[in-house]
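This report walks through a structure for a reader who is meeting it for the first time. Please look over the sequence and the model below before reading on.

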Protein chains: 2
Amino acid sequence: MANEELDYRKMSILKAVIDDYIETREPVGSRTIAKKYSMGLSSATIRNEMADLEELGYLSQPHTSAGRIPSEKGYRLYVDKLMALEDKLGFEPTPEELEDVKVRMQHEIGEMSDQIRVASELVSRLTEYTSIAISGAADGTQRIKALQVVPVEPGKALAVIVLDDDSVKNAVIQHDKAITPETLMKVSTHCNLLFAGHRVEEISMNMINSVSEATGVARTALMPVIDGIFECIKKAADTEVHTEGAVKFLSHPEFSDVGKAKGILELLNREDLMIDLIKECSTSDGLVIRIGSENKIEGLNECSVVTATYSVNGVKLGTIGVLSPTRMDYPRVVAALEYVRKRLTGAGAIDAPEGMALLSGGDNAQQPTEVK
Amino acid sequence: MANEELDYRKMSILKAVIDDYIETREPVGSRTIAKKYSMGLSSATIRNEMADLEELGYLSQPHTSAGRIPSEKGYRLYVDKLMALEDKLGFEPTPEELEDVKVRMQHEIGEMSDQIRVASELVSRLTEYTSIAISGAADGTQRIKALQVVPVEPGKALAVIVLDDDSVKNAVIQHDKAITPETLMKVSTHCNLLFAGHRVEEISMNMINSVSEATGVARTALMPVIDGIFECIKKAADTEVHTEGAVKFLSHPEFSDVGKAKGILELLNREDLMIDLIKECSTSDGLVIRIGSENKIEGLNECSVVTATYSVNGVKLGTIGVLSPTRMDYPRVVAALEYVRKRLTGAGAIDAPEGMALLSGGDNAQQPTEVK
DNA sequence: GTTAGCACTCTATCACGTCGAGTGCTAACA
DNA sequence: TGTTAGCACTCGACGTGATAGAGTGCTAAC
């Protein structure tokens, strides 16, 4: 499994360079590596190796007299084989914090599954990066738990559905004032019986026949009501986005230029783009890492995305993505996302993290990363 | 009504300076005023007047050889007496745009009254500034239009209420599995009858007696359900905030420093602070302008806030505030907020805007601004 | 194969000089 | 008495050049 091109020493040096660069944000020189990482080699030797690594495309130089910085290829190798995940979270959240998260996850029901929203907040806090959450399956495979039509005032009602990820959608119904609340109730009860337990995608318009027959309400009068219910169901198929900690982008020296910062924040506000970005990675149930230009959104070429998709009891809650400049603390992000997985599923261990460790013996690469 | 301290000429010059500074973002020199605003005076004369205005505290100088910029006192006089509101919107939104806004306002029902949220988006677009909207009365005076308990699955239900500003709140109910959906329905119907039309603040806990008696359900079993309903009603009393166009702050040269920009964006994320900021001004039903340090939030000393509170048919929809650096295009902001008022109420005119105009004859100050 | 030494390159930083905008003051003018 | 032209002065913006420091690649010795 060891990389053909690189021997052990080159890998060690590459890992040291990337670790240091992630930590210091400064191009890394040969002297730094020799001294700080006690390789037992002189800076001159390291210089030679670094020149090789540059030739092979793993490192690059901002300018002649600067140290090296990792290239995308370097980062790719790093996340696939080199990075060490031990203790990268740095701290366990306090018990109170955990309790708070747990309570909030279980207690609220909102537009988006609140579990995934709260989880996203947690990820952002743990990593100090921006996190983006998108809601559940949003592909029509969610099941309807309950449906109800709530009469609001004459001629106006509210369609409410609850999905299996405990998210709630509603839509306004403007109907004929002749329709009484009692009739609405009947329709509501019937639709609930009809739809509950079914997938969103299974609900089809011709069910109106059955509703009309069963309730004895004329089809034309029923139309707006059914329309409202369908609008509501349609909303269930919409993907919701929630961005947390967008401002944290301004902390990165990579975005110390206001124009650039503005650009990225405007991108983050583009819900359609963010959905695309995260969704593209949400097929697999594991972690997906996209480095720099591996992700296709223009303007995000200097950023990396790590996503994790979460399911509980077979219900897809959603996908959380962490977004930051390419110089991302990958191990920490991976650890945070795995930690949240543990929280969400209530089981599963990250106590003995897998993935590499080159320097600790093995060379297994169990972190499922999208291989470009 | 004319200011004691200032004669007509000084006011003209002050107005010209502020107009120009708002437009160009540059300290304004005497030559600029003389040439651009055709005062019929030489730059030397204007220089003398400007020196007076500075002495009186209406203008200040960044440094010796720069032009003048308005002080807070200068802005205050400007918004109270000097600014001209004619045609400040610059353009009427296209018919399609208006239609879009109208449709969205009427059609959606969400956590916050969508009317106020959509209005806030419109304001931000018209002014190119950040706008902050807070929801309705949120003081317990909203009335409940409808209430319903929706059974979700055994032991779980959802309380849904619709308020008079068409906002929807919901809360989860974890109840005894022995309670059947039919019982829930009975409770729901009873509560709806009991609560509908009443103010949120009127609902009191001892109503549980009546519910228990009327439905024949034991009080202990009923407790979680009533709790859920109360939680829901409690949420109705929460103020919701919606911020639109926060990123626009990054366009202002005043925030070209990333650190400063970060500070302000973090402030904008502090919902509690924003609620305080806007709420403080939401007592009056007119416009309130706070300039620089007139608003009490630390870190917003170099910003101004203009707020407008909107009610339709006696129902308070909410308050919209526009936030920008002190160098704000006040006339445009006022025009935009008045325009939105026209849109929301469907009547009322801003076609003949009031307020000053010093240079067009009158000197009335009808814009209700908070006098510090 | 490794390392010490050295010349070289490139950036960041700071001091310096210049330019231009705008002022305040004075003296002349209507 | 109010207005204006003229002028010396101030101060920030900007471009230039010198300097220091970090890091490299190469060569020769170990």
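## The surface near DNA strand C

In this predicted model, the surface near DNA strand C draws at least two residues from α3 of chain A and at least two from α3 of chain B. Of these elements, α3(A) gives the most, contributing four residues to that surface. There are 20 residues around DNA strand C, and the closest of them are R9(A), T45(A), T64(A), S65(A) and S30(B). When sorted by class, the surface near DNA strand C has 12 polar, four nonpolar and four charged residues.

Where on DNA strand C do the atoms within 4 Å of the protein lie? Sugar or phosphate accounts for 76% of them, and the bases account for the rest. On the phosphate side, an N or O atom in the side chain of R9(A) is 2.8 Å from a phosphate oxygen of DNA strand C. Bases are reached from both chains: R47(A) places a polar side-chain atom 3.3 Å from a base oxygen of DNA strand C, while R47(B) has a polar side-chain atom 3.1 Å from a base nitrogen of that strand.

## The surface near DNA strand D

DNA strand D also has 20 residues around it, of which S30(A), R68(A), R9(B), T45(B) and T64(B) come nearest. The α3 helix, spanning 43-55 in chain A and 43-55 in chain B, supplies at least two residues of this surface from each chain, and here α3(B) gives the most, with four residues. The classes on the surface near DNA strand D are four nonpolar, 12 polar and four charged residues.

Among the atoms of DNA strand D within 4 Å of the protein, 77% belong to sugar or phosphate, and the remainder belong to bases. The side chain of T45(B) has an N or O atom 2.6 Å from a phosphate oxygen of DNA strand D. Base oxygens of this strand are approached by two residues of chain B, since the following distances are listed for each: R47(B) has a side-chain N or O atom 3.2 Å from a base oxygen, and S65(B) has a polar side-chain atom 3.0 Å from a base oxygen.

## How the two chains meet

The contact between the chains takes 35 residues from chain A and 35 residues from chain B, and the area buried between them is about 2,900 Å², with carbon and sulfur atoms giving 64% of that area. Between chain B and chain A there are four salt bridges, and one salt bridge joins D166(B) to K156(A), whose closest N and O atoms are 2.7 Å apart. Six residue pairs are in polar contact between the two chains.

On the side of chain B that touches chain A, two or more residues each come from α5 (95-107), β4 (144-153), β5 (156-163), β6 (168-174) and α10 (258-269). The largest share of that side, eight residues, belongs to β4(B). Its residues divide into 18 nonpolar, eight polar and nine charged.

## How the two copies are related

Chain B can be laid on chain A with an RMSD of 0.2 Å by a turn of 180° together with a shift of 0.1 Å along the axis, which is the relation of a two-fold axis. In chain B, V258(B) has the C-alpha nearest that axis, at 3.0 Å from it. The copies meet through the same surface, because 100% of the interface residues of chain B are also interface residues in chain A.

Technical notes: Residues are numbered from 1 along each chain as its sequence is written. Chains are lettered from A and ligands numbered from 1 in the order in which they are written. This is a predicted model: local features need pLDDT of at least 70, side-chain atom pairs count only at pLDDT 80 or more; totals for chains, interfaces and linings use all residues. Side-chain values use heavy atoms; hydrogens and water are left out. Contact means heavy atoms within 4.5 Å. Buried area is the accessible area (1.4 Å probe) that two parts lose on being put together, summed over both. A salt bridge is a side-chain nitrogen of Lys or Arg within 4 Å of a carboxyl oxygen of Asp or Glu. A polar contact is a pair of N or O atoms within 3.5 Å; within protein, one must be able to donate a hydrogen and the other to accept it, and residues adjacent in sequence count only if both atoms are side-chain atoms. Ala, Val, Leu, Ile, Met, Phe, Trp, Tyr, Cys and Pro count as nonpolar, Asp, Glu, Lys and Arg as charged, and the others, Gly among them, as polar. Copies are superposed by least squares on the C-alpha atoms of residues with pLDDT of at least 70 in both. A residue is near a molecule or strand if one of its heavy atoms lies within 4 Å of it.
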